[in-house]
Amino acid sequence: MATILSNEQLVNLSPSQRAWMRFKNNRRGYFSLWIFVILFLISLFAEVISNDKPLIIQYQQEYFFPLFNDYPETSFGGDFVTMTDYNDPYIIKKITEKGNWAIYPLNNYSYDSINYFAEIPNPARPSEQNFLGTDDRGRDVLARLIYGFRLSVIFALVLTAIGVLIGIIVGSIQGYYVGKVDLVAQRLIEIWSSMPELYLLIIFASIFKPSIALLVVLLSLFGWMGLSDYVRAEFLRGRNLDYVQAARSMGVSNTSIMFKHLLPNSMVPVLTFLPFRISGAILALTSLDYLGLGVPPSTPSLGELLSQGKDNIDAWWLSMTTFSVLVGTLVLLIFIGEALREALDTRRG
Amino acid sequence: MKKDIVDNNNTESSILEVKDLSVSFHTLAGNINVVRDINFSVDCGETMALVGESGSGKSVTAMSILRLHDEEKMDYSSSSIFFKGHNLLDVDESNIKKVRGSEISMIFQEPMTSLNPTFTVGSQIMEPMIIHKGMSKTAAKKRAIDLMELTGIPEPHYRFDAFPHLLSGGQRQRMMIAMALACEPKLLIADEPTTALDVTVQLQILMLLEKLKKDFSMAVLMITHDLNLVKRFADRVCVMQEGNIVEQGYVEALFAKPQHPYTIKLLNSEPERIIAEGETQALQDKRKLLTGQNLKCYFSSSKGFFKRTKNTVKAVDNIDLYLREGETLGIVGESGSGKSTLGRCLLRLEKCTGEIFFDEKQIDQLTHTALRPLRKEFQIVFQDPYSSLSPRMTIEQIVGEGLLIHFPQLNKDQRREKIKQVLLEVGLEDNILWRYPHEFSGGQRQRIAIARVVILEPKLILLDEPTSALDVSVQKQVLILLRELQERHKISYLFITHDLKVIEAVAHRIMVMKDGKIIETGETEQIFKNPQKTYTQNLLTASLFKNETDEKISA
């Protein structure tokens, strides 16, 4: 499987292309990346995979798209003018008889749809109706896992992107200008990083209405610091290298030196830490949700499922499934991270 | 021919025999054969030199003898290395450890990094004796101090407890030698033992090695790229090129009558004077392009909590100099003499006091922004072409960067045309625009670095050891290129180097520096023929390995 290139071909690649070659040669990391990307892409279409509304209905020679429009029950011959509950056996019968048909998603529940027609009390064990059972409020676990995974990954990506951006900017300014700028900034970082993060979160969670955006802001305030140290160190090392001196002696401006010369050569620690930062962010969100400090109650969240699993210790399908999703995601990210670290290690040819 | 030499050797007397040694490394590009079927032997008590340019496989060969490679990533195929009749490539890890440091020991090029900074030098010298000979601590300490004395370290009792950073480069290399000798090895492998040292220290270390070789009756395998050193210190020599031994024999015979074209090329690559006679005189009417007066650059470090005690290093101490149009001024000195700092001061890359006039403009008071447009006129070429080119920029970006700043009127196509022209001018192809620095050899990289500055049409180029990181054969080519560019564009050069042979080849005038001060200055021929100051004389004898002054220097 290891791709063998001729020396000639290898030499003609840019440094990043060579790193990509090395990454591809680590099969575990490469496949992990693919699996993770595919899972994430699929989860982006969660509404089509797992929803309590059919994708398309043909009722009396007319097409309906419940995903995009809300139709009252009366449209399908029901009795109420309220929104249709497409999992109501009465409605199912209505829209599937006499040449009418409906295409349902693979899983018939959205993250917040409650199965009012369950035959067993909630939390219900896995059955034909709910493949992975329901939680203690009768919501489908599989649907919540799919939506929860998507939310966690998006949250982690956003948080990481913001953290990386702030970290790079602060670290590069510190590392390039050194002296007083660096000294003051470093002291501020030390003070800032000694703030009790969790207490602040608890305080803010009680002051403001909890929301994803609030969490992103709060975690971003602290999340960039570890990274800025690495960027700063790389800049400190790089600013005295000959090619930077050469650029300076040519009259290249400071910003240009920072972003054209130093930054591309300082990205190794940033890239190496990306997967680990993403997994860290997923874990952070999960644990905050677990403690009840995270996202608002109805939001699908892995942490909230875990917390339910703790409260209903005999409902194994709650804790075990969430645990597997979480561990699977983190393991994939760590494999990717390992491969990335090896790929960026230039000593490996 | 190779076979003859091996067969003719009396195997009784040879201590090391390398037979059909092949070394290949596993890489992404498949297996790379670094050493190919080489044969040689080292006799008891002789100095064998492995000579070659970088990448010729000489260090790989030396490291194979001690099996210091990461063996999971490489292959010896069917090679054998016999040491006292045992095949070192067959013995297991625990047995090779018994050989390392006790029977065969090694000293490395870089004394700054080959000693562990967290232990005292004394404990590092004692270590092999305690491990290999099972000596008690007191006995080992006594022996260590003896060895330190033997290697010429002053006050060994006192130095025994010193940490490596307290010692100079030469002293550290002496410590490394003392450590290597601790178990009285039969074979000492010296991998470029003096390359990182100043010339005067270099000679001292080599003489020490020669003396110790006799005292301990050991054989020395010397790895080097320096032919002068081989000529002076080795008995036999193997010339390596691209993993093959192309020629081997006794030093006198080989130097007198080299057979292989590569050996001939190596011997001919010594720099020769490329400046016509009388040119220096002709330059005297030219106007002064650069003048520096009362230049001072002090670095001070403060100690103590209240920063009261100040320790001042006078890197440049009250120096006056001038440089005429089209002239090359060589600034010579050993490491720490302040020659690089002086150059950087003149280009306003380092803070200093004093007056600097460039092209009749006073530039020492200008702010960095005011200076920026002027930067085009004075450029700099660095020593190490591996670190002076950003590894993530293409050649077009590297060479074209200055154009963006100083010739903003050019459009993209004009820029590219100019880049191609200058690449051709420095002897490169013009189709390398989209390639990256790592694809080029050291010499080519230095050409790229030169192209980057020449494209701006500067009046002055500061050359900071531009050839010392290059192989000898490439060195000469780069010097010739620089000379051509000077003649064509009337560029002035400030040529900073420690290598007197190089400076003899290219400089019109020379300035010898020591501890931030000018020791001697004058025309090149004058200084080489008739140096006035003792320091200059010592420098000259040491760098040219003159035999007659041996006693004087070792004393």
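These are my notebook entries on surface patches, one strand and several salt bridges in a predicted model.

**Ground rules**

I number residues from 1 along each chain as its sequence is written, and I letter chains from A and number ligands from 1 in the order in which they are written. As the model is predicted, local features need pLDDT of at least 70, side-chain atom pairs count only at pLDDT 80 or more, and totals for chains, interfaces and linings use all residues; side-chain values use heavy atoms, with hydrogens and water left out.

**Entry: strand β9 of chain B**

I looked up how β9, residues 219-224 of chain B, is covered. Helices (H or I, at least four residues) and strands (E, at least two) are DSSP runs, numbered from the N terminus. I call a residue buried under 20% relative accessible area, exposed over 50%, and partly exposed in between (1.4 Å probe, protein chains only). In β9, 6 of the 6 residues are buried, so the strand is largely enclosed by the rest of the structure.

I then checked both faces. In a regular strand the side chains alternate between the two faces of the sheet. On one side of β9(B) I find B:Ala219, B:Leu221 and B:Ile223, and on the other B:Val220, B:Met222 and B:Thr224; all are buried.

Which strands pair with β9(B) in the parallel sense? Strands pair if DSSP finds at least two bridges between them. Strand β3 (residues 47-52) of chain B joins β9(B) over 5 bridges. There B:Ala49 stands opposite B:Met222. Strand β8 (residues 187-191) of chain B also runs parallel to β9(B), with 5 bridges. Here B:Leu188 has B:Val220 as its bridge partner.

**Entry: salt bridges**

I count a salt bridge when a side-chain nitrogen of Lys or Arg lies within 4 Å of a carboxyl oxygen of Asp or Glu. By this rule I get 40 over all chains.

I looked at B:Asp359 and B:Lys459 next. Their closest N and O atoms are 2.7 Å apart. The pair links distant parts of the chain, 100 residues apart: B:Asp359 is in the loop between β15 (353-358) and β16 (361-362), and B:Lys459 is in the loop between α17 and β18 (460-464). B:Asp359 is buried at 15% relative accessibility, while B:Lys459 is partly exposed at 29%. Both belong to a network of salt bridges that also links B:Arg287, B:Glu325, B:Glu360, B:Lys376 and B:Glu377.

In chain A, I found A:Lys53 bridged to A:Asp70, with the closest N and O atoms 3.9 Å apart. These two are 17 residues apart, and each sits in a loop. A:Asp70 is exposed, at 53% relative accessible area.

I also noted A:Asp136 with A:Arg137, at 3.6 Å between the closest N and O atoms. A:Asp136 is partly exposed at 30%, and A:Arg137 is partly exposed at 43%.

**Entry: surface patches**

My patches take residues with over 30% relative accessible area and no salt bridge; like charges are joined within 9 Å, nonpolar side chains (Val, Leu, Ile, Met, Phe, Trp, Tyr) within 5 Å.

The nonpolar patch includes A:Val37, A:Phe45 and A:Ile162, and its residues together have about 610 Å² of accessible area. Helices α3 (27-44) and α6 (141-177) of chain A each give two or more residues to this patch. A:Ile162 is in α6.

In chain B, I found a patch of negative charge: B:Asp413, B:Glu417, B:Glu429 and B:Asp430. B:Asp430 is in the loop between α16 (412-425) and α17 (442-454). B:Asp430 is partly exposed, at 31%.

Technical notes: Areas by Shrake-Rupley, 256 points an atom, 1.4 Å probe, with all protein chains shown as cover. Lys, Arg positive; Asp, Glu negative; His and termini not counted. Charge placed at Lys NZ, Arg CZ, Asp CG, Glu CD.
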